[in-house]
Amino acid sequence: MGSEVHTHAGTSAAVGTGPTPLGDVPMSLVPAPDERHLYVSGQSNRIAVLDTTTHQVVDTFGSALSAEDMVFSHDGSRLYLAGVGDAAAPFLTELDVHTRAVTRTATLDSWPFRLVLTLDGRRLYLTLPDARSVAVVDTNLWKVIRTIAMPDTPLPLAASSDGRRVYVGGASSVQVIDTDTDTLGAPINLEASPNNLVVTPEGSSVFAAVAVDDKLRGVMVVDTASGGTSATIPLPATASDAAISADGARIYLANGGSAVAVIDTARRELIRTLSLQGRPFKLAVLRSGHRGYAIDPDASTVLPFLTRTVAVRTGPAPEAVVSAPDGGSVYTADSGGGTVTVVDTVDRRVPTGQDAYKVAVTPDGRYAFVSNDTAGTVSRVETATGTVSGELSPDGGVGELAVRSDGRLYVVGAGALNAIDTDSLHGVARTALDSLGIGIGTALSPDGKRVYVLTTGPPAVVTLDAGTLAEVHPPVPLGQDVDPLALTVGADGRHLFVSTTPDDMVSVLDTAAFQVVARLRVGANPSDLVASPDGRRLYAMCQDAGTVSVIDAVGLTTVGETFPAGPAPVSGALDGKAGRLYVLCSDAGVLVALDAGTGTELERYTVDLGAMDVALTPDGRYAYVAVPNHFTDVDGGVSVIDTHTTRIPVGNRPMGLALSPARRRLYVAEYGAGTVSILGLVTRTAAAAPVSLGGRPHALALSHDESRLYVADAEGSVRVVDTATDPPAPLPAVPVTGTPAGLAVPADGSRVYVADSSGGTLTVIDTAGATPTAGAPVALAVAASDVCVTPGGGRLYVADAGADAVLIVDPGTLSVTARIELPGTPAQLALTQDGRRLLVTLPAAGTLAQVDTATLSVWGDPIPVGHVPHAVTVTADGRRACVTDVASGTLALVDL
């Protein structure tokens, strides 16, 4: 598998399964909008449906044609296919995704190659190469309403995200269609004919993959404003397809052979080539960025090539990591801070509905309210119990929520604003918005006397009496060519702030004069606004820029600084007392805590991909995150995150961990103190006095019956602790040769394998007798940094840090049966739960390598996981690999 990582939070990296067999030659592929399934059209006029979590084919059905290209309707209910049917006749077909039935078919005059759907979903554009034209299909009338003649053969096709332009690749040029008039604008001339086109999300650039010969093969970057070529990025091979990430940061190209090329759009250069287990022909990347797919016609397979990696904060220099038995928590030993950090890896969610959209917490912290967009309901969650205690269906739809200091809830929908009593859930007031526009946002004045409603069609702000919901002042218009996004009120109530797109401005309204008094430019797509309680600052979460813009709310000017946040910051919440700004990055699946003054990252918490909104309890302790179920199989709802990261003080330089599920204890080896601390998993405090051992204890291994703890002492022994006694007691140490670095115990507990990092030997300690005894060391490696044993005890893996290799060792004869060369120096090892992969940290390379335990070969490219990765483990549920980075004080969580 290939690997790719972004420089900001929620990065992408390749791991996971191998190719998925289809039993049919694939022609095209497209992910469903909810990203749960991937649809693959085959040569035999059938469509295979893959589950994007398991990568298994879950359904196949007939499609009446072999589709050259496919696209979903924006709501995911219909699938459009363009291709050739059984009689070699060109068709455009519409499928009902739910029933799998063909609902409409249109005959085309010529063979179709590519198609795109406009933003409003009303028209399809198809290139017809043999006819040298582009057909325009009305999706309501279901017929070709216009044919646009092209000056030469059209092949690739791409649309701008706003739907106003369609770009068509031709002979050494790109034609530009204005979708308002369906006429051609000035062509963009290139040095070669493009075979693939992608457009950046903001529409400023078109990347055109071209190939003529070895001298001209690459990607040309076109500035859409000027029509000029600003750069050419060389490629090692001709690209057969291209896909762009949702944030526009990366372009992926099927780059010949068994590779996918990765281009950084900001740097405009090829940054990486991903190795795949097959020949990628066409590509698709999920909008969430956590998975990419390629089809391989030669092998009739689908090749996954991306997954998600998230880095979360630990303490300084985490040297060891273990997973809790339920997979919900991971513990790191922070040698630089003398602490054990507890990282929650499970989503503590309260199910509320399929499309949980917005969330608000009452001022007393008693309730959290969640609006469920598709169901049109609002759920009330008891924060004390984490249960849903009521639900209402406001007339006029649901969307943004606001809660007054007395607990009254305001719910704005497309057609109405409702005021709700939070205890009885009865409506106390309602006003229709039909004559005012479509309600998309709401906010309350600090004194609770006024409620402001943000509308679109036309864009305006409406001021209402918060008690009666009567109109206080006519709507204040925001302009005709903007789409309003968010609004909030300043702390003193004098100003109302409204963000808009595509101008990327924040308008400031004087609430007394009812007029706009300032307009401030911020980052791209300011999707949310948060005002500081002291009234001094305003923060704009700029979704497309990946940043937070800072506004002086007193002087009404934009502060020069911006805070980097991560992919798609869609929502924010401020803990004024702690000075923490929480930024929800939807496409990364992280909630980032920033210092509200400096923008310095303080903590990072994992959430589900596609999370939409965040709200804090009054004390700032818990963050409630609205998560739809677009990207997971679990119910949508509100996730509850404890923002107080648990760091447990232990002894000097903790460097090893072992977890006892039966006794619910965590053992911590303290290198600097010569002790082993014992923590309770429930209380997260000391469960017994530290066991004094002396020496330099670091690596730990626990027998499977949990009665013995084995401690690697860097001074040349393996210490033994009787953990069955109360309190645990030290037993005689077992001297070994060299510097013991890694320990492994098979399931039967009869042996302990000891890896020697200084001499490269492997020593076996026999534990069957009354006193453990060490056998003669066997020279195997140059420097054995770690050892790992399969659950059945039939194979040993030894990391050789002196020769950049993993050795396969027969545990009976202690002879090397195979040697696997690595692309770097190994540190530590871990097996996946199914035993199919061995994970190896490569500190100098900053990556995690994967070894296929069946073929005994390195699986694809290493995964970037930090600066100096060291320890690795797999969560008990098998879903994630956890890798410590001793340089940055982080833990990388890699989706498996």
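These exercises walk through parts of the structure above, each with a worked solution.

The model is predicted, so local features are used at pLDDT of at least 70 and side-chain atom pairs at pLDDT 80 or more, while totals for chains, interfaces and linings use all residues. Residues are numbered from 1 along each chain as its sequence is written, and side-chain values use heavy atoms, with hydrogens and water left out.

**Exercise 1. Work out the strand order and the edges of the sheet that contains β25.**

Step 1. Start with the terms: strands (E, at least two residues) are DSSP runs numbered from the N terminus, and two strands pair if DSSP finds at least two bridges between them.

Step 2. Read the order: the open sheet has four strands, β24-β25-β26-β27, with antiparallel pairing.

Step 3. Find the edges. β24 (241–244) and β27 (269–275) each pair on one side only.

Step 4. Look at the middle. β25 (residues 250–254) and β26 (residues 259–264) are antiparallel and share five bridges; Ala254 stands opposite Val260 in β26.

Step 5. Add the twist, which averages 25° from one strand to the next. Angles such as this run from 0 to 180 degrees between N-to-C directions, with axes fitted to C-alpha atoms.

**Exercise 2. Follow β58 to its partners on both hairpins.**

Step 1. Take β57 (580–585) and β58 (590–595). Six bridges join this antiparallel pair, and Tyr582 has Ala593 as its bridge partner in β58.

Step 2. Inspect the turn: four residues lie between β57 and β58, and Gly589 there has a positive phi of about 70°.

Step 3. Move on to β59 (residues 601–606), which pairs with β58 in the antiparallel sense over five bridges. Here Val592 stands opposite Arg604 in β59.

Step 4. Check the second hairpin. It has five residues between β58 and β59, and Gly599 takes a positive phi near 80°.

Step 5. Ask how covered β58 is: five of its six residues are buried. Buried means under 20% relative accessible area, exposed over 50%, and partly exposed in between (1.4 Å probe, protein chains only).

**Exercise 3. Find which strands supply the largest nonpolar core.**

Step 1. Define the set: a nonpolar core consists of buried Ala, Val, Leu, Ile, Met, Phe, Trp, Tyr and Cys residues joined through side-chain atoms within 4.5 Å.

Step 2. Identify the core. The largest has 25 residues, and those with the most contacts inside it include Tyr539, Val548 and Leu891.

Step 3. Map this core onto strands: β31 (307–313), β53 (537–542), β54 (547–552), β57, β58 and β88 (890–895) each supply at least two residues.

Step 4. Zoom in on Val548. Leaving aside neighbours within four places in sequence, its contacts (heavy atoms within 4.5 Å) include Tyr539, Met541, Phe563, Leu581 and Val583.

Step 5. Note a second, separate core of 16 residues, with Ala568, Tyr605, Ala611 and Ala623 among them.

**Exercise 4. Classify the aromatic pair of Tyr39 and Phe72.**

Step 1. Apply the rule: rings of Phe, Tyr and Trp (its six-membered ring) pair if their centres lie within 6.5 Å; planes under 30 degrees apart count as stacked, over 60 as edge-to-face, and the rest as tilted. The count comes to seven aromatic pairs.

Step 2. Compare the numbers. Tyr39 and Phe72 are 5.1 Å apart, centre to centre, with 75° between the planes, and the pair is edge-to-face.

Step 3. Place the residues: Tyr39 is in β4 (residues 37–42) and Phe72 in β7 (residues 65–72), 33 residues apart. Both are buried.

Step 4. Try another pair. Tyr367 and Phe369 are also edge-to-face, at 5.9 Å and 70°.

**Exercise 5. Decide what is unusual in the backbone at Trp142 and Pro458.**

Step 1. Recall the background: most residues other than glycine have a negative phi, and most peptide bonds are trans.

Step 2. Check Trp142, a non-glycine residue with a positive phi of about 55°. Trp142 lies in the loop between β13 (133–138) and β14 (143–149), and counts as buried because its relative accessibility is 8%.

Step 3. Check Pro458, which is joined to Gly457 by a cis peptide bond with omega of about 0°. Pro458 is in the loop between β45 (450–456) and β46 (460–465).
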